[in-house]
Amino acid sequence: MATTPYALPGIALTLLAACAGCGLPGGEVGRVSGTVMIEGELAERGTITFHPARGGPAATGRVAGNGSFIVSVGQGNADKPGGATIPVGEYRVTVVVHAPSTATLGDGGPPVAGPRLTDGKYASVTTTDLSKTVVAGENVFAFDLVRATSEPEPARAETQETGTEALEAGDEPAEDVALGDAVDQPAADLIAEPATGQAASSTAASNPGDGDPPPSNEAASNAADADLEDDQ
Amino acid sequence: MKTGSRNAYASLALGGVLLASVGCGGPFDATATGVVTLDGEPITRGTVSFQPQFEGSLAVARIDDSGGYRARTGREYGLAAGEYVVTVVAREPPASATGRDGGPPPAGRMITPDWYRSGQTSGLSFTVERGSNTINLELSSDPPPGWKPSRRRRR
């Protein structure tokens with residue numbers, strides 16, 4: 001019985017020591033995991049890539065069925081799956097989520113990738129507006145992405161959109177003032193919104209006479225919401 | 001006296017274990033589970049999000065086919081104790097696997113009312129205590145006071 005008081009802190013110390021091996025040597029690296037959502041709903045598959053701003057190898061991860069991911073460079077930590085870490089610093093993030101494949105090429109050919117469900121801007125490091133700072137230790141990031149529009153990949157008709165955007169942006173200041181927001185919000189809107197405007201208009205354009213107007217309206221409002229949520 | 005010192009050691013050990021698990025990103029200090037209903041009927045698909053009202057990570061859960069959910073932070077089940085605002089988004093599956101020209105399918109119809117999409121309008125705020133929490137989300141299709149359906153309502 002006399003040894004019991006000493007056994008307990010012994011266990012604690014052992015656990016602490018074991019934890020030191022958690023893959024956080026020197027504070028130079030962080031473990032990056034998180035979740036991917038499309039307009040509020042968890043994604044079911046996909047790929048996410050963290051591109052270091054200072055250059056170097058990108059870290060990738062697969063989005064699991066429950067919407068979660070963990071990224072690693074190459075195979076990551078082979079001894080400890082899930083223990084992969086990447087260097088701390090700034091990253092641009094690209095994400096692609098595809099629908100499940102529904103067709104194969106010819107007889108027994110490879111499956112054709114399903115349509116992409118996430119907006120095309122997230123697919124390229126030059127167009128993505130997602131960026132994160134990875135710090136030492138645990139990093140848990142949640143990404144809520146704008147859904148792709150039904151149009152395959154419309155060329156961005158910026159000039160055509162400008163009129164609409166200007167009008168919508170013009171609605172903003174009154175509400176901004178009411179909410180006490182910064183006065184520069186409308187400008188930020190102009191930068192952030194074209195994709196949304198595009199989403200709204202091309203969805204609407206692709207759905208006329210479908211006999212199913214709700215999805216198009218919804219896609220428009222959802223796209224707008226998702227963009228706003230990014231700003232939180 | 002002897003018992004007192006044992007308790008002191010025990011709590012020291014417990015503290016060490018808690019500290020160790022936090023440092024490892026292992027189990028969080030709280031869990032949240034529950035059932036999501038709309039007008040009393042379970043919602044059988046969709047996503048629940050717990051937005052921390054403190055410096056922390058979003059916790060999420062997929063709603064299962066009996067309406068249950070279990071909050072997760074990143075890859076791990078559980079979440080940090082604290083104040084949260086909860087949002088719920090559930091859609092019908094898309095009517096078709098692909099849209100026109102093989103493009104992405106249009107989003108399915110919303111099952112949950114729009115105000116539950118945003119933490120500012122959902123009206124669902126909860127304190128998650130250390131340990132296990134049962135948080136049933138009872139949604140209603142009656143709009144909250146002051147709700148105006150506008151696609152640009154957030155600013």
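Let me start with T49(A), which stands opposite T60(A) in strand 4 of chain A, in what is, I should say at once, a predicted model. The two strands concerned are strand 3 of chain A, residues 47-52, and strand 4 of chain A, and they pair in the antiparallel sense over four bridges. Between them the hairpin has six residues, and one residue to look for there is G55(A), which takes a positive phi near 90°.

Now, as a general point, side chains in a regular strand alternate between the two faces of the sheet. In strand 4 of chain A, residues 59-62, the covered face carries A59(A) and G61(A), whereas T60(A) and R62(A) are on the uncovered one.

Let us turn to the corresponding numbers in chain B. Strand 3 of chain B, residues 47-52, pairs with strand 4 of chain B in the antiparallel sense, again over four bridges, and the hairpin that joins these strands runs through six residues. Here S49(B) has V60(B) as its bridge partner in strand 4 of chain B. What about the faces of strand 4 of chain B, are they covered or uncovered? Both are covered, with A59(B) and A61(B) buried on one side and V60(B) and R62(B) buried on the other.

For chain B as a whole, the secondary structure comes to one helix and 11 strands, and, read along the sequence, the helix is followed by the strands. Of the 155 residues of this chain, 35% count as buried. Among the contacts in chain B between residues at least 6 apart in sequence, 64% join residues that are at least 24 apart.

Going back to chain A, I would point you to T149(A), which lies in the loop between strand 11, residues 137-145, and helix 2, residues 158-179. Why does T149(A) count as buried? It does so because 29 other C-beta atoms lie within 10 Å, and the cut-off for buried is 20 or more. T149(A) is also 7.1 Å from D119(A), C-alpha to C-alpha, although the two are 30 residues apart in sequence.

Finally, a word of caution about confidence in chain A, where the mean pLDDT is 68 and 53% of the residues reach 70 or more. Over residues 13-27 of chain A the pLDDT is below 50, and this stretch has 22 contacts in the model beyond near neighbours in sequence. The pLDDT also stays under 50 over residues 152-232 of chain A, for which the model has 95 contacts beyond four places in sequence. Where pLDDT is low, the predicted coordinates should not be read in detail.

Conventions. Residues are numbered from 1 along each chain as its sequence is written. Chains are lettered from A and ligands numbered from 1 in the order in which they are written. This is a predicted model: local features need pLDDT of at least 70, side-chain atom pairs count only at pLDDT 80 or more; totals for chains, interfaces and linings use all residues. pLDDT is the predictor's confidence in each residue, from 0 to 100. Two residues are in contact if their C-beta atoms, placed from the backbone, lie within 7 Å. A residue is buried if 20 or more other C-beta atoms lie within 10 Å of its own, exposed if 12 or fewer, and partly exposed in between; C-beta atoms are placed from the backbone. Two strands pair if DSSP finds at least two bridges between them.
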